[in-house]
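Please brief me on this protein model. Keep the points short and grouped by topic.

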Amino acid sequence: MELLGVGSRVKHPSYGTGVVMCMHKRTYEICFIEQGIKTLSKDHLMEVIERIEPAYNVSFGEAEEALIKILREWSDISEVVPLVINGMVA
């Protein structure tokens, strides 16, 4: 499924018609006319009535989190933690 931007209109089989209010990494917050605000996975199947192109704004925290994950997964450098015994660094 293509990513939906804020303002996209969707139709859910159980919740009815709604509008995307907010995008997160893995979910959308959608305001449904009769059911209120629901948080749904981005891969949840829904009919797209009107698609709005998403804005790709990435926060510093999200970028930092992604970089840390990549470095931990692909780096051969491990974190060194000093061992302190009776107030002395070993």
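The sulfur of Cys-31 lies 12 Å from the closest cysteine sulfur, that of Cys-22, which is too far for a bond. The model is predicted. The disulfide count comes to 0.

**Cysteines**

- Seen from the other side, the closest cysteine sulfur to that of Cys-22 is in Cys-31, and the 12 Å between them is too far for a bond.
- A disulfide needs the two sulfur atoms within 2.5 Å.
- Cys-22 is partly exposed, at 27% relative accessible area.
- Cys-31 is also partly exposed, with a relative accessibility of 32%.

**Confidence**

- The average pLDDT of the protein is 86.
- A score of at least 70 is reached by 92% of the residues.
- Among the elements, S1 has the highest mean pLDDT, at 96.
- Strand S7 (residues 88–89) has the lowest mean, at 78.
- Where pLDDT is low, predicted coordinates should not be read in detail.

**Aromatic pair**

- The whole structure holds 1 aromatic pair.
- Its partners are Tyr-15 and Phe-32, with ring centres 5.2 Å apart.
- Their planes stand at 50 degrees, so the pair counts as tilted.
- Tyr-15 sits in the loop between strand S1 (9–12) and strand S2 (16–23), while Phe-32 belongs to strand S3 (residues 27–32).
- The pair therefore ties together parts that are 17 residues apart in sequence.
- Tyr-15 is partly exposed, at 26% relative accessibility.
- Phe-32 is buried, at 1%.

**Nonpolar core**

- The largest nonpolar core has 8 residues.
- Its members are Leu-4, Val-10, Val-20, Tyr-28, Ile-30, Phe-32, Leu-40 and Met-46.
- S3 contributes the most to this core, with 3 residues.
- Phe-32 thus appears both in this core and in the aromatic pair.
- Beyond its neighbours within four places in sequence, Leu-40 contacts several core members, including Tyr-28, Ile-30, Phe-32 and Met-46.
- Leu-40 also contacts His-12, Tyr-15, Arg-26 and Thr-27.

**Ser-8**

- Ser-8 lies in the segment before S1.
- Is Ser-8 buried or exposed? Ser-8 is buried, with a relative accessible area of 0%.
- A polar atom of the Ser-8 side chain is 2.8 Å from the backbone oxygen of Gly-5.
- The backbone nitrogen of Ile-52 is likewise 2.8 Å from a polar atom of that side chain.
- Leaving out residues up to four places away in sequence, Ser-8 touches Gly-18, Val-19 and Val-20, along with Glu-50, Arg-51 and Ile-52.
- Ile-52 is therefore on the contact list of Ser-8 and has its backbone nitrogen by the serine side chain, at 2.8 Å.

**Thr-17**

- Thr-17 is in strand S2.
- Its relative accessible area is 28%, so Thr-17 counts as partly exposed.
- Which residues does Thr-17 touch, not counting residues up to four places away in sequence? They are Val-10, Lys-11, Cys-31, Phe-32, Ile-33 and Ile-49.
- Among them, Val-10 and Phe-32 are members of the nonpolar core.
- Thr-17 and Glu-47 are 30 residues apart in sequence.
- In space, their C-alpha atoms are 9.3 Å apart.

How values were computed: Residues are numbered from 1 along each chain as its sequence is written. This is a predicted model: local features need pLDDT of at least 70, side-chain atom pairs count only at pLDDT 80 or more; totals for chains, interfaces and linings use all residues. Side-chain values use heavy atoms; hydrogens and water are left out. Rings of Phe, Tyr and Trp (its six-membered ring) pair if their centres lie within 6.5 Å; planes under 30 degrees apart count as stacked, over 60 as edge-to-face and the rest as tilted. Helices (H or I, at least four residues) and strands (E, at least two) are DSSP runs, numbered from the N terminus. Buried means under 20% relative accessible area, exposed over 50%, partly exposed in between (1.4 Å probe, protein chains only). A polar contact is a pair of N or O atoms within 3.5 Å; within protein, one must be able to donate a hydrogen and the other to accept it, and residues adjacent in sequence count only if both atoms are side-chain atoms. Contact means heavy atoms within 4.5 Å. A nonpolar core is a set of buried Ala, Val, Leu, Ile, Met, Phe, Trp, Tyr and Cys residues joined through side-chain atoms within 4.5 Å. pLDDT is the predictor's confidence in each residue, from 0 to 100.
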